[in-house]
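This report walks through one model, starting at its ligand and moving on to its sheet and helix packing. Keep the sequence and the 3D view side by side while reading.

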Amino acid sequence: QAFDFTGKVAIVTGGGGGIGRAASITLSENGAKVVVVDLSEEAGMLTVNEINERGGEAKFVRADVTKEDDIKNYVKKTIDCYGKIDIFLNNAGWEGKIMPLIDYPAEFFDQLMSINVRGVFLGLKHVLPHMIEQKSGAVVNTASGAGLLATPNMVAYGASKHAVLGMTKTAGVEVAPHGVRVNAVCPGVVNTAMMRSIESGFGQGDSAAAEAARKQLEATTPDGRYAEPQEVANLMMYLVSDLSSHITGQELVIDGG
Ligand code: NAD
């Protein structure tokens, strides 16, 4: 047990996905009660069951983060059940389509912005009041290296992650006087279902081309490999722990160089 989250209450959106599951389990192993939020009940329940089987405490709340009522609902269920929110991993996201900007359909642009930007905004809007009231709390928004660099063929994704960093800075400054911290992580390439989908998009459905895309992505990483979800989760743990008590409004890059 590297951190002490005993008695803390955490919400993890996208908690059924690769990074969200690793983070949810690690929060639990370090003592937190975890509310796992995801669009997919099946994926979210896998996380919850794994936590409960290991003797931890977790609950699932289904939500589509593009819907404000769903966000209000996961916040209300957490407060009704546990009375507070100490840790919020605002992590749900979608990679969108892999195609050049000039071909990118506007409806997919809107859909991606709705998940990756509006969803993150609404999470902050409805969780932060509880943290401000209790004068403590820590949030990590999952941005991406795509929030810092060009992302050819992923225009909406890159734009959305730049926006997440913008909101992180604003939120961090606004709530700092209340003892609440908001930071972002910027992972490079991480070994999750999302990367399988991105590889397949770059390979245009051809599995050999997808494998070649993976090799190329790995080669662009100085340490030559994808991150494992646990490595991203470990950074998130640091940012929601008291070890980072004077860090807020920041983006921390985790990309193997
Ligand atoms: P993932 O696909 O395994 O998990 C994403 C989760 O988000 C899924 O469980 C999915 O059901 C959920 N989700 C999608 N749309 C939703 C919605 N509208 N409402 C609620 N939940 C929804 O991918 P991951 O790699 O674990 O991604 C987690 C976060 O990390 C995302 O924000 C992603 O953009 C970011 N990220 C991933 C990588 C990578 O290489 N995998 C790199 C940088 C950043």
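How many residues surround the ligand, and which are the closest?

## Ligand shell

This is a predicted model. In it, 28 residues surround the ligand. The closest are G14, G17, G93, T192 and M194. Two elements, α1 and α6 (193-202), each give two or more residues to this shell.

By class, 14 residues of the shell are nonpolar. Another twelve are polar, and two are charged.

## The sheet

Seven strands form an open sheet with parallel pairing. Their order is β3-β2-β1-β4-β5-β6-β7. The edges are β3 (58-62) and β7 (251-254). Each of these has a single partner strand, so one side of each lacks a neighbour in the sheet. From one strand to the next, the twist averages 20°.

Take the β3 edge. Its pairing with β2 (residues 33-38) is parallel and runs over five bridges. Within this region, V34 stands opposite A58 in β3. As a rule, strands of a sheet pair through backbone hydrogen bonds, either parallel or antiparallel.

## Helices α1 and α2

Helix α1 (residues 18-29) also contributes to the ligand shell. Its axis and that of helix α2 (residues 41-53) come within 10 Å. They cross at roughly 25°. Angles under 35 degrees count as roughly parallel, and α1 and α2 are therefore roughly parallel to each other. The crossing is right-handed.

On the α1 side, the contact is made by R21, S24, I25 and S28. On the α2 side, T47, E50 and I51 take part. These residues divide into two nonpolar, three polar and two charged.

## Helices α4 and α5

Which residues make the contact between α4 and α5? First the geometry. Helix α4 (residues 106-134) packs against helix α5 (residues 155-175) at an angle of about 15°. Their axes are 9 Å apart. The two helices are therefore roughly parallel to each other. Their crossing is right-handed.

From α4 come F108, F109, L112, M113, N116, V117, V120, F121, L124, L128 and I132. From α5 come A156, Y157, S160, K161, A163, V164, M167, A171 and V175. The contact divides into 17 nonpolar residues, two polar and one charged.

## Helices α6 and α7

Are α6 and α7 roughly parallel or roughly perpendicular to each other? The axes of α6 and helix α7 (residues 207-219) come within 7 Å. They cross at roughly 115°. An angle of 65 to 115 degrees counts as roughly perpendicular, and α6 and α7 are therefore roughly perpendicular to each other. Here too, α6 passes α7 in a right-handed crossing.

E199, S200 and F202 are the α6 residues of this contact. They meet A210, A213 and R214 in α7. By class, the contact has three nonpolar, one polar and two charged residues. Helix α6 also belongs with the ligand, since it is one of the elements giving two or more residues to the shell.

Conventions: Residues numbered from 1 in each chain as written. Predicted model: local features only at pLDDT ≥ 70, side-chain atom pairs only at ≥ 80, totals over all residues. Axes fitted to C-alpha atoms, helices over the stretch in contact; angles between N-to-C directions. Helix = DSSP H or I, 4+ residues; strand = E, 2+ residues; numbered from the N terminus. Parallel < 35°, antiparallel > 145°, perpendicular 65-115°, else oblique. Left-handed = near helix turned anticlockwise from the far one by under 90°. Contact = placed C-beta atoms within 7 Å. Nonpolar A, V, L, I, M, F, W, Y, C, P; charged D, E, K, R; others polar. Near = placed C-beta within 6 Å. Pairing = 2+ DSSP bridges.
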